[in-house]
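Let's look at how a protein holds its ligand, one question at a time. Here is the structure we will explore together.

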Amino acid sequence: MTDHDLPVIAHWIDGAESAPTGGRTAPVYNPATGAVQAHVALAGEADIQAAIASASRGFAEWSGSSIAKRQSVLFAFRELLNARKGELAEILTAEHGKVLSDAMGEIARGQEVVELATGFPHLIKGAYSENASSGVDVYSLKQPLGVVGIISPFNFPAMVPMWFFPIALAAGNAVVLKPSEKDPSASLWLARLWKEAGLPAGAFTVLQGDKVAVDGLLEAPEVQSISFVGSTPIAQYIYETASKNGKRVQALGGAKNHMLVLPDADLDLVADSAVNAGFGAAGERCMAISVVLAVEPVADELIAKVTERITKLRIGNGADADEPDMGPLISGAHREKVASYVDIAEADGATIVVDGRGFSVDGHEEGFFFGPTLLDEVPTTSRAYTEEIFGPVLSVVRVNTYEEGLALINGGEFGNGTAIFTNDGGAARRFQHEVQVGMIGINVPIPVPVAYHSFGGWKKSLFGDAKAYGVHGFDFFTREKAVTSRWLDPATHGGINLGFPQNS
Ligand code: NAD
């Protein structure tokens with residue numbers, strides 16, 4: 001098969017696949033084999049305008065439909081997703097590389113938000129105060145924003161869009177999703193599912209592309225809000241540009257998540273958790289643990305336990321029937337970047353306990369595999385410590401006290417997630433109060449909040465005030481109108497009063 005015979009992954013506009021205009025495309029790889037398996041359209045101006053025009057029409061229809069109708073579409077989507085999620089998991093594994101059970105886990109966490117959104121009438125019903133002043137009632141309405149943009153990263157092609165679109169649609173908005181160009185097919189599968197569930201054409205649109213598509217959404221006056229998830233520099237750019245253009249914006253960025261291990265912790269639990277959270281999805285998770293802060297004297301024993309577990313990990317093609325523990329990285333370029341951080345750590349004086357550089361899988365020599373890597377005594381001045389690596393590289397930093405560990409966490413520029421492992425409830429309670437991080441695990445390594453709480457970090461891990469999903473999600477995707485109303489009682493007389501309104 002030549003490159004020309006490969007499928008082109010299209011946009012989804014007006015309730016159907018839309019042939020791209022402009023001719024720009026990007027390759028989509030199978031990371032386990034290293035082969036190009038498709039090309040994805042990269043939107044040009046005409047695609048962007050068509051997508052936004054269709055979404056505007058979709059908004060007019062969808063926002064006018066009753067709450068009962070919207071709820072029935074959400075329930076239908078939930079049932080279809082639940083019945084057919086295996087198909088979606090296969091798409092995720094083929095384009096992202098994560099193993100199938102992990103892909104199913106990603107979908108399950110997205111489905112939680114769909115399930116939360118089915119209960120939306122209670123969360124958007126506003127409030128009513130009768131007789132706030134004599135004969136005057138005051139009430140608030142929650143209305144949709146209009147066309148809302150979602151821009152998602154490569155590492156969760158299904159879950160991250162699902163953090164936003166179920167709630168956005170429940171509230172009556174029309175969604176334009178710009179997925180990552182690295183694994184774009186999940187978005188089309190989800191769009192087809194919405195159509196089958198009865199969502200009107202235009203209420204869910206997919207615009208494939210790169211910076212051109214993103215900038216198109218940021219500039220379009222019809223787009224009322226932007227929900228972005230990705231790396232910190234782009235999150236900051238999105239936040240600043242969208243704000244400047246008068247849009248509501250939430251922009252979730254990168255992370256460097258630490259696990260603080262106190263000497264009283266159960267070290268087997270810690271080692272299991274560190275390996276799960278450090279190497280699951282090959283470390284390509286914004287909630288991955290990338291640094292273990294071991295409060296001495298536990299470091300040697302912990303490193304021995306983690307090393308023993310790492311050597312048993314099976315790495316391979318996530319689609320194999322005999323499922324491995326860990327798949328490849330997303331691209332060859334990303335593998336080079338991850339390797340460069342291990343080089344930096346080594347040059348800066350870290351000890352390489354387990355080296356994943358140069359790793360390959362038999363029969364998949366062209367795949368983007370990187371072996372699990374364990375570093376000890378990583379200097380906290382090294383870029384390998386301060387920057388996000390986003391690969392299967394776990395660094396150990398030895399500290400002498402809780403305070404020393406806490407100061408390192410609070411001194412970092414990110415504040416996405418963190419975890420403490422201890423059997424001391426008082427220490428854990430102190431940690432949750434003192435740590436400057438948005439999501440905290442206590443003996444839990446990847447503390448992704450359930451759908452009815454909200455997801456989001458602090459500092460450079462989240463730009464904007466609104467976290468994803470939960471109550472924050474409903475607030476973000478609605479705007480409130482306050483109505484003050486008086487119906488004259490025929491028995492009373494209003495008269496003229498030029499004073500400022502006061503309650504009586
Ligand atoms: P990325 O920032 O490269 O891309 C994210 C999105 O932005 C993609 O849709 C991409 O097409 C677009 N984009 C890329 N460059 C752009 C530019 N110059 N201008 C405008 N748009 C641009 O991120 P990624 O590599 O796809 O994802 C990995 C990153 O996402 C990691 O940093 C990870 O920590 C972060 N992430 C954060 C969270 C969170 O909740 N905080 C969740 C998942 C991933």
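Q: How many residues surround the ligand, and which are the closest?
A: A residue counts as near a molecule if one of its heavy atoms lies within 4 Å of it. By that rule 26 residues surround the ligand, and the closest are Ser152, Glu181, Ser231, Gly253 and Glu388.

Before going on: this is a predicted model, where local features need pLDDT of at least 70, side-chain atom pairs count only at pLDDT 80 or more, and totals for chains, interfaces and linings use all residues. Residues are numbered from 1 along each chain as its sequence is written, and side-chain values use heavy atoms, leaving out hydrogens and water.

Q: Which ligand atom lies 2.7 Å from a backbone N or O atom of glycine 253?
A: A polar contact here is a pair of N or O atoms within 3.5 Å. Serine 152 places a backbone N or O atom 2.8 Å from an oxygen atom of the ligand, and lysine 178 has a polar side-chain atom 2.8 Å from a ligand oxygen atom. For the backbone of glycine 253, the partner at 2.7 Å is a nitrogen atom of the ligand.

Q: Why does the ligand lie between domain 1 and domain 2?
A: Domain bounds come from an automatic or database domain assignment. The ligand lies between the two domains because residues of its shell come from both domain 1 (3-253 + 461-482) and domain 2 (257-442).

Q: Which residue has a positive phi although it is not a glycine?
A: Most residues other than glycine have a negative phi. The exception here has a phi of about 50 degrees, and the residue is glutamate 377.

Notes. Polar contact = N/O pair within 3.5 Å; in protein donor to acceptor, adjacent residues only side chain to side chain.
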